[in-house]
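Here is a set of exercises to work through with the sequence and the 3D view side by side. Try each task on your own before you read its solution.

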Amino acid sequence: METRAAVIGIIVEDMTSVGQLNNVLHDYADYIIGRMGIPYREKNISIISIAIDAPQDVINALSGKIGRIKGVSAKTAYSNIGGSK
């Protein structure tokens with residue numbers, strides 16, 4: 001199956017949504033290469049970066065689910081190089 005590497009940048013502005021976000025990320029754990037989270041206390045937000053290697057439709061589904069969580073926004077940057085996993 002053809003996969004792509006991507007990075008999903010996530011901004012959490014509503015901390016009550018963190019549990020829901022973690023549940024969604026857990027559902028896609030098999031595809032996640034790594035995760036980095038930075039609390040930005042001065043702005044009362046969290047910045048999270050997710051590295052993922054998955055089929056295009058899986059990346060789109062994850063990004064869409066994250067974007068539908070209240071107080072959470074996400075943007076995705078894709079690698080131009082595909083591969084199989």
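The exercises below concern a predicted model, and each task is followed by a worked solution.

**Exercise 1. The core**

Task: Find how many residues the largest nonpolar core has, and which of them have the most contacts inside it.

Solution:
- Step 1. Count the members: the largest nonpolar core has 19 residues.
- Step 2. Pick out the residues with the most contacts inside this core, which are Ile-8, Ile-10, Leu-21, Ile-52, Leu-62 and Ile-66.
- Step 3. Ask which elements supply them. Strand E1 (2–12), helix H1 (18–27), strand E3 (45–54), helix H2 (56–67) and strand E4 (72–84) each give at least two residues to the core.
- Step 4. Take Ile-10 as a case. With neighbours within four places in sequence set aside, Ile-10 is in contact with Leu-21, Ser-46, Ile-47, Ile-48, Ile-50, Ile-66, Val-72, Ser-73 and Ala-74.

**Exercise 2. Strand pairing around E3**

Task: Work out how E3 pairs with E1 and with E2, and name some residues that stand opposite each other.

Solution:
- Step 1. Start with E1 and E3: they run antiparallel and are joined by nine bridges. On this side, Ala-5 stands opposite Asp-53 in E3.
- Step 2. Move to E2 and E3, which also pair in the antiparallel sense, over eight bridges. Here Gly-37 faces Ile-48 in E3, and Arg-35 faces Ile-50 in E3.
- Step 3. Look at the turn. The hairpin of E2 and E3 has four residues between the strands, and one residue there, Asn-44, takes a positive phi near 60°. Asn-44 is a residue other than glycine.
- Step 4. Check the surroundings of Asn-44: its place is in the loop between E2 and E3, and it counts as exposed because its relative accessible area is 54%, over the 50% cut-off.

**Exercise 3. Ile-33 and its partners**

Task: Decide whether Ile-33 is buried or exposed, and find which residues it is in contact with beyond its sequence neighbours.

Solution:
- Step 1. Locate Ile-33, which lies in strand E2.
- Step 2. Read its accessibility: at a relative accessible area of 59%, Ile-33 is exposed.
- Step 3. List its contacts, leaving aside neighbours within four places in sequence: Ala-51, Ile-52 and Asp-53.
- Step 4. Compare sequence with space for one of these. Ile-33 and Ala-51 are 18 residues apart in sequence, and their C-alpha atoms are 5.3 Å apart.

**Exercise 4. A nonpolar patch on the surface**

Task: Name the residues that form a nonpolar patch on the surface, and say which strand gives the most to it.

Solution:
- Step 1. Find the members: Met-36, Ile-38, Tyr-40 and Ile-47, which together have about 340 Å² of accessible area.
- Step 2. Assign them to elements. Strand E2 (residues 32–40) gives the most, with three residues, and Ile-38 has its place in this strand.
- Step 3. Check Ile-38 itself: with a relative accessible area of 41%, it is partly exposed.
- Step 4. Keep a general point in mind as you look along the strand: in a regular strand, side chains alternate between the two faces of the sheet.

**Exercise 5. The salt bridge**

Task: Find how many salt bridges the structure holds, and which side chains meet in a salt bridge.

Solution:
- Step 1. The count is one salt bridge.
- Step 2. The partners are the side chains of Lys-70 and Asp-14, at 2.4 Å from N to O.
- Step 3. Place them: Lys-70 is in the loop between H2 and E4 and Asp-14 in the loop between E1 and H1, so the pair ties together parts that are 56 residues apart in sequence.
- Step 4. Compare the two ends. Lys-70 is exposed at 59% relative accessible area, whereas Asp-14 is buried at 14%.

**Exercise 6. Thr-76 and Ser-63**

Task: Find which residues Thr-76 touches, not counting those up to four places away in sequence.

Solution:
- Step 1. Thr-76 has its place in strand E4 and is partly exposed at 24% relative accessibility.
- Step 2. Its contacts are Ala-6, Val-7, Ile-8, Ile-59 and Ser-63.
- Step 3. Follow Ser-63, which lies in helix H2 and is buried at 15% relative accessibility. Beyond residues up to four places away in sequence, Ser-63 touches Ala-74 and Thr-76.

How values were computed
Residues are numbered from 1 along each chain as its sequence is written. This is a predicted model: local features need pLDDT of at least 70, side-chain atom pairs count only at pLDDT 80 or more; totals for chains, interfaces and linings use all residues. Side-chain values use heavy atoms; hydrogens and water are left out. Patches are made of residues with over 30% relative accessible area and no salt bridge: like charges are joined within 9 Å, nonpolar side chains (Val, Leu, Ile, Met, Phe, Trp, Tyr) within 5 Å. Accessible areas come from the Shrake-Rupley method with a 1.4 Å probe; for residues, only the protein chains shown count as cover. A salt bridge is a side-chain nitrogen of Lys or Arg within 4 Å of a carboxyl oxygen of Asp or Glu. Buried means under 20% relative accessible area, exposed over 50%, partly exposed in between (1.4 Å probe, protein chains only). A nonpolar core is a set of buried Ala, Val, Leu, Ile, Met, Phe, Trp, Tyr and Cys residues joined through side-chain atoms within 4.5 Å. Contact means heavy atoms within 4.5 Å. Two strands pair if DSSP finds at least two bridges between them.
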